[in-house]
Amino acid sequence: MCLRQLLQSSQLQRAWRAAFLKHIQGRHPGAWRWTHSGGGPYRAVIFDMGGVLLPSPGRVAAEWEVQNHIPSGTIVKALISGGENGPWMKFMRAEITTEDFLQEFGRLCSEISKTSVPMDSFFSLLTSERVAKQLPVMTEAISQIRAKGLQTAVLSNNFYLPNGKSFLPLDRKQFDVVVESCLEGVCKPDPRIYKLCLERLGRQPSESILLDDLGPNLKAAASLGIHTIKVDDPETAVKELETLLGFPLRMAVPNTRPVRKTMEIPKDALEKYLRDLLGTQTIGPLELLQFDHGQSNPTYYVKLANHQLVLRKKPPGTLLPSAHAVEREFRIMKALANAGVPVPKVLDLCEDSSVVGTPFYLMEYCPGLIYKDPSLPGLEPSQRRAIYTAMNRVLCKIHSVDLKAAGLEDYGKHGDYLARQVQTWIKQYRASETSTIPAMERLIEWLPLHLPRQQRTTVVHGDFRLDNLLFHPETAEVLAVLDWELSTLGDPLADVAYNCLAHYLPSGFPIQPGQASSATAKQTGKLTEFMSNLAWDFAIKEGFQVFKEMPATKPLMRSHHTWSLLRTPGTRSYVTSTDSSLVHTSKGALIFSPEDLPPQVRELYQRLKEFMERHVYPAEPELQRHQASAERWTPSPLVEDLKEKAKAEGLWNLFLPLETDPEKKYGAGLTNMEYAHLCEVMGTSLYAPEIFNCSAPDTGNMELLVRYGTEEQKARWLVPLLEGKARSCFAMTEPQVASSDATNIESSIQEEDGFYVINGHKWWITGILDPRCQLCVFMGKTDPHAPRHQQQSILLVPMDTPGIKIIRPLTVYGLEDAPGGHGEVLFEQVRVPKENIILGPGRGFEIAQGRLGPGRIHHCMRLIGCSERALALMKARAKSRVAFGKPLVEQGTVLADIALSRVEIEQARLLVLKAAHVMDVAGNKAAALDIAMIKMVAPSMASRVIDRAIQVSTDDGSLVLLNHSQDSEFLSFSCPTSYKLITALCCTTPIHDCPFPPQIQPYEGSYFCFHFEYMEAEAQESGLSKVTQLARS
Ligand SMILES: Cc1cc2nc3c(=O)[nH]c(=O)nc-3n(C[C@H](O)[C@H](O)[C@H](O)COP(=O)(O)OP(=O)(O)OC[C@H]3O[C@@H](n4cnc5c(N)ncnc54)[C@H](O)[C@@H]3O)c2cc1C
């Protein structure tokens, strides 16, 4: 087919051509004129280094940022920051040392990203052998340019390495001139450096072409008269250069190179063999090149007369019996070609090692295009879609091959492929493991338990990815699927999943960065950790959503919790109907009514409510009495009794999110959203969370141990906590520093003879006074000089370790919260074994952050439960209490307060449930903003709702509450909040100059004034001035 026919044949082809022409013409109008050989007017080609000869530093930075959780674009912003006098440019001119640069640049990056940026790690990656490697396409181009007699130069903005050498990881022999900014003290875009380069080349600007990836550098060159090519994608830039010079810059056979010395094969023996195979008349010398691909089975381009072939052989030396089975490759390709799968046509299998030293097979050479970058740079979206559609089609074709008809029934084992694969991976991972990667450990446990129940058996390619496909150069057609080395019989999902990897990994992520024992081992380990975190995230989000049973569709109703224990008749039940289909059709729907929870969770919810009514609410007076008695610092036997009952009824450890405990090994396996509904019920009584072993700080500590603890740590601490036999505390806050920013904490943790020695002063440590408290989860600094978020570590400190001195219990608005209390504590020379560290030194900040997400949902939902109960009590009181001749409920302001409370509770609940839902489906990190919002909304809502309830619930007003709390049912469940509210009220109402502080005895008239003015202010703030007017009248 001629080119014109080709271009006329489809819209896609037109788009293809248009994109290419736009690309070329847009940059260099008239570039096509220079098509005669010898380079036309050009005599020299000048190359920039990073981004042209080497991978772009911007791209390396982008990948590194993703892997290190640094906000994207930080490095690039820092690179251009300060212009000429920024640290980067100064470094390029060698005006500052590497050390100073790293310090200054690191500080700049931290300022930009508002997080600590480990510059050393970026610098070592940038200068590592893996990254700083000349692009093959450029190597080829340079050798072709030089072969035509043109000069080449490298003009690089580079720097000195710490070893005193300049950074130039290139073969200098490729260039006639090398100009390095750090040696010259001048860098691009300063015109002097271009002039220097031209001078050394002995060329005029008009005789030279500069390839650079940065606009300002090109602009400066162009203003001197140098022809420029902007390099976004090296392959495209080389095509552009080819057009300018008028001769090809690629080897005649793409992706090949001269045969490596160590990979040479005997040409004579091969030539004789080929003549026999292809016919005696075959003449002409044998041409041999080696493909870049095919490291494990060396692959050669062979040309003899007009025959173009590919030879694939086993590598030399001793081999594992099942590896490098070229015989299998030959067999599968032959069978698949017959079944209509596009594969290169195989010609012969030679098992006689005497020909080229090992068995080999031959196939026809298939010219085509290999797309190496899965993001397909330079192509239009429609072209990218077409490429991937073609790829999917060919995969379907492979998976649809009839095994029997193709004679492949015995090509591999049938069944259980995924399970076998997982076991092989685990074995291989264990064999190369050097340190523990928590996400990998979780995957190793999770994967075998979550394999699809039904598995199919088809041909699987085993390494199905874009760069193993050969495409037609002009259309989105797969000409051949290459590299069948890993093919076998197995589950087709394996190919699909492997193929999707590219979608989830950051662009350019090296899938096979090297062996664990190689020089890049450290980076390999980091990449493995990155990938396992990604995989774990996928497993518990999308994987979990795919496999988890979704709740059945039913009409959506929420009966609002007018706390059912209320003895007053006539409690009203609000019903909100909505179109349930919308909520339930999508997976992972937000469930905002307990009635819509999945059946097993709904049943749990129901049993929890019944337990509260049967056991918890009736126990409150006794529990409150205990808390006020002299025995309050010993646990109440009633609580212990209720704990046993709850445990026996399976209402135990409900808090652990499914994400943390996917196998339900430790908890009830509820999602954050499901548990939120249950948590609201628990929030209706201050005593409930402990009874169900769901109370802070144990919940956060248990989650921490499940997520990050070693098996030994779990056995020692997690088990007793889960059983409710021990309690724990979390020690972070310090009196001398603002601890809302955990990076401020100062307590020191120092290594000494296999121990960590702790010294520090902590306060507000909830639960530390409880005699059952056996474990203190302690946060301190192991390295105050490390980057800001890597200074902290978390240690497990047994409470009986010498040196822990509790100074005093702190009170919250006068209450001690016995028996746990909130302690002020000194840690003096407290020694704990080194194995008590969680995850390792420097991981404390990250762990503390991870610990907070679910806990905030719990706090907020409990507050909502608390508010619901306050509102229920308020309504009951408003109905039964008569003032000024009628029940309070008939007062407009009271009704307005009730309505407002209802609205505010609903708003807050929706927001908290949304936050929990986002955590479940997108992860704690994605939910950060929602979590921040609920932290603001829920407590302030609760304080307003409870405050309104206080106003209505007492005959003589807030001031009296302080003196009569024991008589008030309301205060018996929310004392701390009411104390706080009253204090806040006295401080913040518009009448803060009111002469009646809370301590004074009530005086009806003045109190009324206080009360009324306060309500008025509240009402005005809420836009309820009409109601206020009404109330006044
Ligand atoms: C009842 C109770 C129990 C507690 N239990 C524990 C426990 O078990 N373990 C433990 O380690 N700690 C505990 N704490 C301490 C609590 O975690 C800290 O009080 C909290 O982290 C704040 O630290 P800080 O007191 O040092 O306040 P600071 O950091 O000094 O902050 C003071 C005020 O400034 C505000 N603030 C700070 N930064 C900002 C900002 N960027 N923008 C606006 N405002 C800001 C804060 O909100 C706060 O109102 C408890 C506290 C209480 C009251």
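The side chain of Thr 766 reaches the ligand through an N or O atom, 2.8 Å from a ligand nitrogen. This is a predicted model. Two backbone contacts join that of Thr 766. At Phe 730, a backbone N or O atom sits 2.7 Å from a nitrogen atom of the ligand. At Met 732, a polar backbone atom lies 2.8 Å from a ligand oxygen. In total, the protein covers 43% of the ligand's accessible area, which is 970 Å² for the ligand on its own.

Now take the whole shell. It holds 13 residues. Phe 730, Thr 733, Ser 740, Trp 764 and Thr 766 are the closest. By type, 8 of the shell residues are nonpolar and 5 are polar. None is charged.

Which strands each supply at least two residues of this shell? They are β16, spanning 727-731, and β18, spanning 755-766. The largest share comes from β18, with 3 residues.

Next, look at a pair of helices. Two packed helices are described by the angle between their axes and the distance between the axes. Helix α10 covers residues 191-201, and helix α11 covers residues 215-224. They pack at an angle of about 60°. Their axes are 10 Å apart. Because of that angle, α10 counts as oblique to α11. The crossing of α10 past α11 is right-handed.

Terms used
Residues numbered from 1 in each chain as written. Predicted model: local features only at pLDDT ≥ 70, side-chain atom pairs only at ≥ 80, totals over all residues. Heavy atoms only, no water. Near = heavy atom within 4 Å. Polar contact = N/O pair within 3.5 Å; in protein donor to acceptor, adjacent residues only side chain to side chain. Areas by Shrake-Rupley, 256 points an atom, 1.4 Å probe, with all protein chains shown as cover. Helix = DSSP H or I, 4+ residues; strand = E, 2+ residues; numbered from the N terminus. Nonpolar A, V, L, I, M, F, W, Y, C, P; charged D, E, K, R; others polar. Axes fitted to C-alpha atoms, helices over the stretch in contact; angles between N-to-C directions. Parallel < 35°, antiparallel > 145°, perpendicular 65-115°, else oblique. Left-handed = near helix turned anticlockwise from the far one by under 90°.
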